[in-house]
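User: I would like to understand how the labels used for a structure follow from its numbers. Could you take me through the reasoning, one label at a time?

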Amino acid sequence: MNETSKRKDWVKNAAIIFLSVLLVLTFFSNTIMNYSLPEVAAQYCMSGSITNKVRGTGVVESADPYSVTYKETRKIASVKVKPGDEVKKGDVLYLLEEGESGELKEAESALKTAKSEYEKAAIEGGFSSSDTANFEKRDPNSDSTEYQDKGARLKKAKESTDEALEKVQKEIEDFEYYTYNKWNDGSSEERANLDRAIEEAKDAQEYWERIKGQYESGYSEYKELLDTYNKAQVAYENAKKAYENKETEANKEKYSEAKQAYKEAKEALNNSTEKDSYDQYLSASLEFQNAENTEKQCEKAIEDRKRELEKQYVAFKDREYEAKKASEKATKELEEFQSDYSGSSSVVDLYVAYQDAKKAYDEAKEKASNVQITSPVSGVVLSTSKVAGETTESGEEVASIQLAGKGFTLSFAVTKDQARYISVGDEAEVTNSYWYTDVHAKITSIKTDPQDPQAGKKVTFQLEGDITNGQSLTLTAGKRTANYDFIVPNSAIREDNNGKFVLRIKSKSTPLGNRYIAERVDVTVIAEDDTHSAVNGVFEGYDYIITTSSKPIEEGQQVRLKES
Amino acid sequence: MKKVNSISKRHKRELISGIIILIVVGFFALVFLTPIVLTITNSFMTQTELSANYGAVFATSEKGGKVFISKIVNLKFIPDKVSFSQYITVLLKSPDYLIKFWNSVILVVPIVIFQLLTALFASYGFMRAKGRIKEIIFFLYIILMLMPYQVTLVPNYLVSNWLHLIDTRWAIWLPGIASPFAVYLLTKFMRRVPTSYIEAAQIDGAGEWQIFKLICAPLSKSCLYSVAILVFIDYWNMVEQPLILLNDSEKHPLSVFLSQINSGETGLAFAVATIYMVPGLLVFLYGEDYLVEGIMYQGGIKG
């Protein structure tokens with residue numbers, strides 16, 4: 001019994017201790033837990049306005065650099081400037097080595113050649129020095145000389161006669177091609193029709209010749225009846241006439257007989273079975289006659305036309321002859337004239353060439369006397385493309401200068417949505433502007449980005465101020481304000497592989513008080529400025545969004561609110 | 001001489017049978033104790049060690065396939081490194097488990113107390129009443145007691161819903177308080193109270209209440225203890241009732257959490273289970289004698 005009561009006491013004490021410990025731990029559990037929970041700051045998600053801004057970073061480039069070129073081939077002795085140096089107009093950029101330039105050497109060589117040719121031509125032409133002096137006085141390019149007038153006149157006459165000859169020859173050629181030859185070889189339509197008509201007529205005649213015999217043999221009886229009828233008709237007419245003239249008994253009788261005979265002959269003729277074939281014979285013979293006539297007419301027409309064409313052809317040939325004669329005459333006159341002056345015209349040309357070569361040489365010599373390349377403009381040197389010892393090429397750029405007061409540009413790409421918030425002419429701010437004094441930026445163009453034509457725009461800014469080429473600047477532009485339903489601080493927006501999201505606080509009431517759980521809400525950012533962003537998401541209105549936390553927090557994790 | 005030989009032979013037989021019984025009982029004891037020992041020792045392991053040992057059983061990937069380090073499941077009793085991290089997490093870092101522990105206490109203690117009270121009065125009634133109706137009602141009690149909970153679950157739910165008790169603790173308490181098991185046990189015990197005591201009290205002028213309070217109840221003390229222990233153990237381990245009748249997981253007892261372990265919380269589950277065993281163990285240790293006495297009385301063996 002003692003042991004039993006001792007054991008019971010022990011169990012009772014153990015139970016009391018166990019329950020007490022659990023009770024104390026339960027009481028302090030929240031406190032202990034909260035110290036291990038991340039502390040978060042949160043604020044309500046409300047509607048508001050965002051000033052849409054676009055930010056981007058780009059490299060400063062010169063707006064319109066001046067390219068300094070040098071037109072000779074010279075060797076550089078030394079470079080007097082470096083990129084970034086400020087130069088005025090006339091300042092020395094490069095020093096050149098003394099010596100002849102390539103251009104001078106070429107000009108000298110050309111001058112020697114031109115001179116020797118001119119002198120040679122003058123000597124060969126047998127011109128004296130006084131003649132050459134005259135030539136030298138004379139300017140062949142002037143329009144006032146007699147030589148020029150006569151030569152031009154003769155040349156013009158030759159040209160016109162040659163033209164006339166060409167024209168006649170062309171007309172002959174056309175006549176031959178389109179009319180004469182076509183007529184003669186029967187390819188012209190008119191000729192073809194006539195030939196066809198003649199053929200048809202001949203065919204008709206041949207046909208008649210073939211069938212004539214049939215007809216003639218086929219109506220011999222009808223022919224007799226026809227003769228009888230004709231005779232009876234004549235007799236009747238005569239008898240009638242006689243009777244009408246003199247109404248005697250004899251005439252009357254004759255008239256009656258003739259009439260009767262005529263009537264019978266006619267009846268016999270009409271009743272003849274060979275009438276049809278005779279009619280056919282008549283029509284066929286008529287056709288034959290027509291065909292003969294047609295043939296004759298066509299042959300005549302052909303002959304007439306031929307004669308006419310021959311006449312025309314002869315006329316063309318006559319004209320050609322005349323034109324040829326005129327052309328030959330004019331050519332002869334011109335050649336005679338030119339042969340009279342042939343020596344002097346070539347000498348004058350060579351003299352002119354010699355003068356041009358002399359002028360070019362003088363110019364090259366003058367250029368070669370320069371020993372330096374100077375800046376033609378004032379500004380800041382952007383780049384120098386030559387070093388000491390290198391040789392310039394004619395027309396090659398030797399330096400690039402940013403003109404004073406011309407400015408710089410900067411470009412960067414933005415999305416099409418962002419481009420809607422800005423427009424040409426908008427002023428832009430330089431981020432960290434306290435580093436750059438007096439820098440102004442303005443949007444000069446918003447164009448399709450060539451690297452992303454589907455979804456991108458390229459924004460170009462005009463910059464002025466204390467900046468240099470090649471600097472990297474971050475600009476912010478845009479002042480359009482719009483209202484949005486849900487605005488959150490930028491610090492509230494988090495991002496992972498699944499996109500952007502915010503964490504809102506969900507409170508749960510428990511026996512030991514309220515507990516706060518972080519709940520994820522996926523969002524899309526539709527606008528942002530430096531401090532806030534407008535978002536789209538499944539919000540329930542007046543959600544408490546976590547902005548900052550003392551430790552990294554994840555969705556579903558319990559948090560504690562920062563004590564205010 | 002013969003007498004001495006027979007005594008020694010009897011001793012030997014008793015010894016052998018004792019050894020055999022010991023072996024059999026020892027074996028069964030080992031089988032029953034192993035999970036408990038495993039739970040206690042594994043509660044002192046780190047989560048990493050537990051995942052390595054039991055990863056093949058619990059670990060799953062998000063796509064539903066198995067993800068584990070070793071295919072073989074290792075039943076380890078001795079930790080590689082004794083760690084109290086699980087207990088610190090359970091007792092200090094998360095009030096969830098402590099709240100669930102107290103939820104269990106809040107659910108079970110009223111059930112035990114009021115079930116005993118109800119059973120005490122009901123059993124006295126069954127003991128004192130006479131007549132056919134009493135027999136019928138008692139018979140119904142027995143029938144009800146024999147039914148498993150799953151059979152009465154649906155009508156239980158419907159009645160709770162009709163009474164708007166779903167998601168409240170009353171949905172657990174009321175059916176628990178009216179449980180027939182305690183009534184049956186106490187009735188059986190009270191029937192053993194000698195009628196001569198009751199008649200003597202009646203002769204002395206005691207009323208029913210005095211008989212109940214001064215005679216039956218004190219005599220039923222041991223049975224009450226054993227019934228209390230049995231009811232406590234029964235309801236301390238309940239899972240289905242709170243799972244179905246309580247929607248709010250904040251009100252769930254710790255037994256529900258233990259039934260829903262996932263692969264990331266095996267360490268916590270061992271620690272929680274160890275803590276969870278303590279009240280039951282203490283209750284048993286306290287009322288062991290009464291429990292034995294109560295069982296003896298059930299068996300009709302007089303002590």
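User: What makes the pair Arg7(A) and Glu288(B) a salt bridge?

Analyst: In this predicted model, the closest N and O atoms of Arg7(A) and Glu288(B) are 3.4 Å apart. The cut-off for a salt bridge is 4 Å between a side-chain nitrogen of Lys or Arg and a carboxyl oxygen of Asp or Glu, so a pair that satisfies it receives the name. Side chains of opposite charge can pair when their charged atoms come close.

User: How many salt bridges does the rule find across the interface of chain A and chain B, and how many residues does each chain bring to the contact?

Analyst: The rule finds one salt bridge across that interface, together with two residue pairs in polar contact. Helix α1 of chain A, residues 2-36, provides the largest share of the side of chain A that touches chain B, namely 18 residues. The contact as a whole takes 22 residues from chain A and 19 residues from chain B. Arg7(A), Lys8(A) and Phe18(A) supply 25% of the area that chain A buries against chain B, more than any other three residues.

User: How much area is buried between chain A and chain B, and what share comes from carbon and sulfur atoms?

Analyst: About 2,000 Å² is buried between the two chains, and carbon and sulfur atoms give 71% of that area.

User: Why is Ser160(B) called buried?

Analyst: The relative accessibility of Ser160(B) is 4%, and the label buried applies under 20%, so the label follows from the value. Ser160(B) has its place in helix α6 of chain B, residues 149-162. Not counting residues up to four places away in sequence, Ser160(B) touches Leu165(B), Ile166(B), Ala171(B) and Leu245(B).

User: Lys100(B) has a charged side chain, so what makes Lys100(B) count as buried?

Analyst: The label rests on the relative accessible area, which is 17% for Lys100(B), and because the limit is under 20%, Lys100(B) counts as buried. Lys100(B) is found in helix α4 of chain B, residues 95-128. Leaving aside neighbours within four places in sequence, Lys100(B) is in contact with Ser249(B), His252(B), Pro253(B), Leu254(B) and Phe257(B). Lys100(B) and Glu250(B) are 150 residues apart in sequence, while their C-alpha atoms are 7.5 Å apart in space.

User: How do you know that Phe126(B) is buried, and which residues is Phe126(B) in contact with?

Analyst: Phe126(B), which lies in helix α4 of chain B, has a relative accessibility of 8%, and with the limit set at under 20% Phe126(B) therefore counts as buried. Leaving aside neighbours within four places in sequence, the residues in contact with Phe126(B) include Phe138(B), Tyr141(B), Val183(B) and Arg191(B). Phe126(B) and Phe138(B) are 12 residues apart in sequence and 7.5 Å apart from C-alpha to C-alpha.

User: Which residues touch the most other members of the largest nonpolar core?

Analyst: Leu22(A), Val90(B) and Phe101(B) do so, in a core of 66 residues. Helix α4 of chain B gives the most to this core, with 15 residues. With neighbours within four places in sequence set aside, Leu22(A) is in contact with Leu91(B), Leu98(B), Phe101(B), Trp102(B) and Ile275(B). A second, separate core of 26 residues includes Phe408(A), Phe412(A), Ile422(A) and Leu463(A).

User: Why are Asp174(A) and Lys170(A) described as separated by about one helical turn, and how exposed are Asp174(A) and Lys170(A)?

Analyst: The description is used because the two residues are four residues apart in helix α4 of chain A, residues 146-184. They form a salt bridge, with the closest N and O atoms 3.2 Å apart. Asp174(A), at 27% relative accessible area, is partly exposed, and Lys170(A), at 45%, is partly exposed as well.

User: For the salt bridge of Lys76(B) and Asp80(B), which label, buried or exposed, belongs to Lys76(B) and which to Asp80(B)?

Analyst: Their side chains meet at 2.4 Å, N to O. Lys76(B) has a relative accessible area of 17% and is therefore buried, the limit being under 20%, whereas Asp80(B), at 60%, counts as exposed because exposed means over 50%.

How values were computed
Residues are numbered from 1 along each chain as its sequence is written. Chains are lettered from A and ligands numbered from 1 in the order in which they are written. This is a predicted model: local features need pLDDT of at least 70, side-chain atom pairs count only at pLDDT 80 or more; totals for chains, interfaces and linings use all residues. Side-chain values use heavy atoms; hydrogens and water are left out. Contact means heavy atoms within 4.5 Å. Buried area is the accessible area (1.4 Å probe) that two parts lose on being put together, summed over both. A polar contact is a pair of N or O atoms within 3.5 Å; within protein, one must be able to donate a hydrogen and the other to accept it, and residues adjacent in sequence count only if both atoms are side-chain atoms. Buried means under 20% relative accessible area, exposed over 50%, partly exposed in between (1.4 Å probe, protein chains only). A nonpolar core is a set of buried Ala, Val, Leu, Ile, Met, Phe, Trp, Tyr and Cys residues joined through side-chain atoms within 4.5 Å.
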